[in-house]
Amino acid sequence: MDNINVIIKPLVTEKSTHQQQTRNAYAFQVHRDANKHQIKQAVEKLYEVKVVDVRTMNRKGKPRRSKMRMTKTSDWKRAIVVLDENSRIDLF
């Protein structure tokens, strides 16, 4: 799996924005089969920063009502990447 396919998109929420300012941690939606080493390499190569820590969590899809029946959104994986104190990512 190459670096471009590992990271799907950065997550910009209130909580992730607060973590960017206080802990220098950034949230990304990543490929479900990616492991921590692949995520670390992808972030370091794509954004040219030094990664200190990677935490991942699998998010279950939520049930949704669609017309006459219940369906479910797809499962996805989130990664919280903590950067070195001298590194920053400009998402905007």
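**Close-up 1. What packs over the buried residues of helix H3.** In this predicted model, the cover over the buried residues of H3 includes helix H1 (3–6) along with four strands: S1 (7–10), S2 (25–30), S3 (51–59) and S6 (76–83). The residues underneath that cover are Ile39, Ala42 and Val43. They span an arc of only 95 degrees around the axis, so they sit on the same side of H3. Look to the other side of H3 and you'll find His37 and Lys45, both exposed.

**Close-up 2. Helix H3 from end to end.** H3 takes in residues 36–47, twelve residues in total. From its first C-alpha to its last it reaches 16 Å, close to the 16 Å expected at 1.5 Å a residue. At the start of the helix, check out Asn35: one of its side-chain oxygens comes to within 3.3 Å of the backbone nitrogen of His37. Just after the helix comes Glu48, with a positive phi.

**Close-up 3. Two residues with an unusual sign of phi.** Most residues other than glycine have a negative phi. Glu48 goes the other way, with a phi near 55 degrees. You'll find Glu48 in the loop between H3 and S3, and its relative accessibility of 70% means that it counts as exposed. Now hop over to Lys67, which isn't a glycine either but has a positive phi of about 55 degrees. Its home is the loop joining strand S4 (63–66) and strand S5 (69–72). Lys67 counts as exposed too, because its relative accessibility is 82%.

**Close-up 4. Lys77, a buried lysine without a salt bridge.** This lysine belongs to strand S6. Lys77 is buried, yet it makes no salt bridge: Asp33, the nearest side chain of opposite charge, is 7.1 Å away. What does a polar atom of the Lys77 side chain have 2.7 Å away? That would be the backbone oxygen of Ala34. Leaving out residues up to four places away in sequence, Lys77 touches a whole run of others, including Phe28, Gln29, Val30, His31 and Arg32. Thr56, Met57 and Asn58 are also among the residues it touches.

**Close-up 5. Gln19, tucked into helix H2.** Helix H2 covers residues 14–22, and Gln19 is part of it. Is Gln19 buried or exposed? With a relative accessible area of 16%, it falls under the 20% cut-off, so Gln19 is buried. Set aside its neighbours within four places in sequence, and its contacts are Asn24, Ala25 and Ile80.

**Close-up 6. Asp53 alongside Ile80.** Ile80, a contact of Gln19, turns up again here as a contact of Asp53. Asp53 lies in strand S3 and counts as partly exposed, because its relative accessibility is 34%. Along the chain, Asp53 and Ile80 are 27 residues apart, but their C-alpha atoms are separated by 8.2 Å. Val81 and Val82 are in contact with Asp53 as well, once neighbours within four places in sequence are left aside.

**Close-up 7. Arg64 and the residues it touches.** Our last stop is strand S4, where Arg64 lies. Arg64 counts as partly exposed, because its relative accessibility is 44%. Not counting residues up to four places away in sequence, it touches Arg69, Met70, Thr71, Lys72 and Thr73.

How values were computed:
Residues numbered from 1 in each chain as written. Predicted model: local features only at pLDDT ≥ 70, side-chain atom pairs only at ≥ 80, totals over all residues. Heavy atoms only, no water. Helix = DSSP H or I, 4+ residues; strand = E, 2+ residues; numbered from the N terminus. Buried < 20%, exposed > 50% of the residue type's maximum accessible area, 1.4 Å probe, protein only. Contact = heavy atoms within 4.5 Å. Expected span 1.5 Å × (residues − 1). Arc of directions from axis to C-beta. Polar contact = N/O pair within 3.5 Å; in protein donor to acceptor, adjacent residues only side chain to side chain. Lys, Arg positive; Asp, Glu negative; His and termini not counted. Salt bridge = Lys/Arg side-chain N within 4 Å of Asp/Glu carboxyl O.
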